[in-house]
Amino acid sequence: MTPRALIVDDEPDIRDLLGITLGRMQIQVSTAADYASAVKHLGSERFDLVLTDMRLPDGDGLDLVEWIQTHRPGVPVAVITAHGNVEAAVRALKLGAFDFISKPLDLVALRKLITATLRLGETSVEETQRRSTLTLLGDSKPMQQLRQMIAKVARSQAPVHVSGDSGTGKELAARLIHESGPRADGPFVPVNCGAIPTELMESELFGHKKGSFTGAVADKEGLIRSAEGGTLFLDEVADLPLHMQVKLLRVIQEKAVRPVGETREVPVDVRILSATHRKLDELVKAGRFREDLYYRINVIELHVPALRERLDDVPPLVDMLLDRVSRQIGVPRPEVSDEAMDKLLGYSYPGNVRELENILERAVTLCSGSRVEPEDIQLKQGAGLDLPSVVDEMAADGLEGQLEHIEREAIVKALEQTRYNKTRAAELLGMTFRQLRYRVKKLGIE
């Protein structure tokens, strides 16, 4: 069936330009010069997309976006904004617009927008999610709401900020948004903003020209441009220094990047998702995160619930994680006794799913038979359900790294003393052979 589009603009020249452009893309076009005519068309005809100007003689493009969301929710709508009027674009996205494009119209960008919009109707979100290799386990109410929200935001190009505690699976949620939307065939580029040295951040994100600074021996594309046609996921976005926040804001507003040493901006077509375990609104109040950037990346907020908020999901998570851990260690998958499961269900998981996986890794190593018992499950003291989680995840990660370093040195020393006889080394360290084999693999000693 030939795609059909409705163009809503009071300027005849714009209607003609858009009509010619879409016609060359084999799209059948109808036009309307005002809000009333647009509503009349939408009430009696089928459309696969709507492209509307923000300013209409008898109303506002935002009014039309709202009308479509109420009366024709399956029809994607994109808005045309005046150059630099990002506030209006953000309002449109919050109301449910698929995307926006600024005047003067860039026809290349317009064709990309139209192509992405039409992809929404080719495959349903439910079908896309069924084909995905990624899964959000759990049937608890918070997880059902999360999946519904992912399905909704996947049908938009609006920036989404994924919030939640460390270890909840924010990157998994971001990947599902990507795979469930029209950019699924494009790249998904995750960037840990806290892991890039400040002095290299601009070059890593924006790229550079050869010779632009000492060590720039060749042109570099940069991470943002490597996500062309796909999704850029900025994890721990709160760690961006203020000068980089300014540059990221311009990328979002202008849909363009300027590589280091380049005199002109390069158009870029990426959807930006972000995440952090910190509270961005509090950082804004403290002056450590730009308020204007906060409102640009937080057009839609997606909250990933903590594991303590969905304890009904622990049993299926345990099944999945035991399969994974057993494969990684290379041992038969043990069962979990009812008493051990009760113990797991009575814990608050300050480290969320990541901590549950670590608990099960230790349990598989410690269990002597084919079943995990309560004594095999080691939990943090004071982290029962009666106490709120107050663990500083950053400090915990740092301490864990130091402990792993000490453990690695002790194991290497024992192996050297026993001439790499693992049985004797395990005896020397006071652990079983199975435990030593697991730790050697876990720490990457071999």
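Start by selecting L6 and look across to strand β3, where L6 stands opposite V50. Strands here are DSSP runs (E, at least two residues) and helices are DSSP runs as well (H or I, at least four), numbered from the N terminus. You are looking at a predicted model, in which local features need pLDDT of at least 70, side-chain atom pairs count only at pLDDT 80 or more, and totals for chains, interfaces and linings use all residues. Residues are numbered from 1 along each chain as its sequence is written, and side-chain values use heavy atoms, with hydrogens and water left out.

**Around strand β3**

Next, select A5, which stands opposite L49 in β3. Now show all of β1 (residues 4-8) and β3 (residues 49-53): the two pair in the parallel sense over four bridges. Two strands count as paired if DSSP finds at least two bridges between them. Then turn to β6, which runs parallel to β3 and is joined to β3 by four bridges. Pick D53 to find one of these links: the bridge partner of D53 in β6 is I80.

Is β3 mostly covered or mostly open? It is mostly covered, with five of its five residues buried; buried means under 20% relative accessible area, exposed over 50%, and partly exposed in between (1.4 Å probe, protein chains only). Colour the two faces separately: L49, L51 and D53 are buried on one side, and V50 and T52 are buried on the other.

**The whole sheet**

Zoom out to see five strands forming an open sheet with parallel pairing, in the order β2-β1-β3-β6-β7. At the edges are β2 (28-32) and β7 (99-102), each of which pairs on one side only. From one strand to the next, the twist averages 20°. Now add helix α3 (residues 61-71), which packs on the sheet and touches β1, β3 and β6 (77-81). The direction of α3 makes about 160° with that of β3. Contact means heavy atoms within 4.5 Å; axes are lines fitted to C-alpha atoms, for helices over the stretch in contact, and angles run from 0 to 180 degrees between N-to-C directions.

**Rings to visit**

How many aromatic pairs does a search of the whole structure find? There are three. Rings of Phe, Tyr and Trp (its six-membered ring) pair if their centres lie within 6.5 Å; planes under 30 degrees apart count as stacked, over 60 as edge-to-face and the rest as tilted. Select F188 and F233: the ring centres are 6.0 Å apart and the planes lie at 25°, so this pair is stacked. F188 sits in strand β9 (residues 188-192) and F233 in strand β10 (residues 231-235), so to speak two stops 45 residues apart, and the pair links distant parts of the chain. Both F188 and F233 are buried.Move on to Y294 and Y295, an edge-to-face pair with ring centres 5.2 Å apart and planes at 65°. Y294 counts as buried at 15% relative accessibility, whereas Y295 is partly exposed at 43%.

For a charge over a ring, select K255, which lies over the face of F100 at 4.3 Å from the ring centre. This label requires NZ of Lys or CZ of Arg within 6 Å of the ring centre and within 35 degrees of the ring normal.

**Two last helix stops**

Find S326 in helix α14 (residues 314-329). S326 is buried, at 4% relative accessibility. Leaving aside residues up to four places away in sequence, S326 touches V331, P332, R333 and P334.

Finish at R424 in helix α18 (residues 422-429). R424 is partly exposed, with a relative accessible area of 48%. Draw a C-alpha to C-alpha distance to A414 and you will get 8.6 Å, for two residues 10 apart in sequence.
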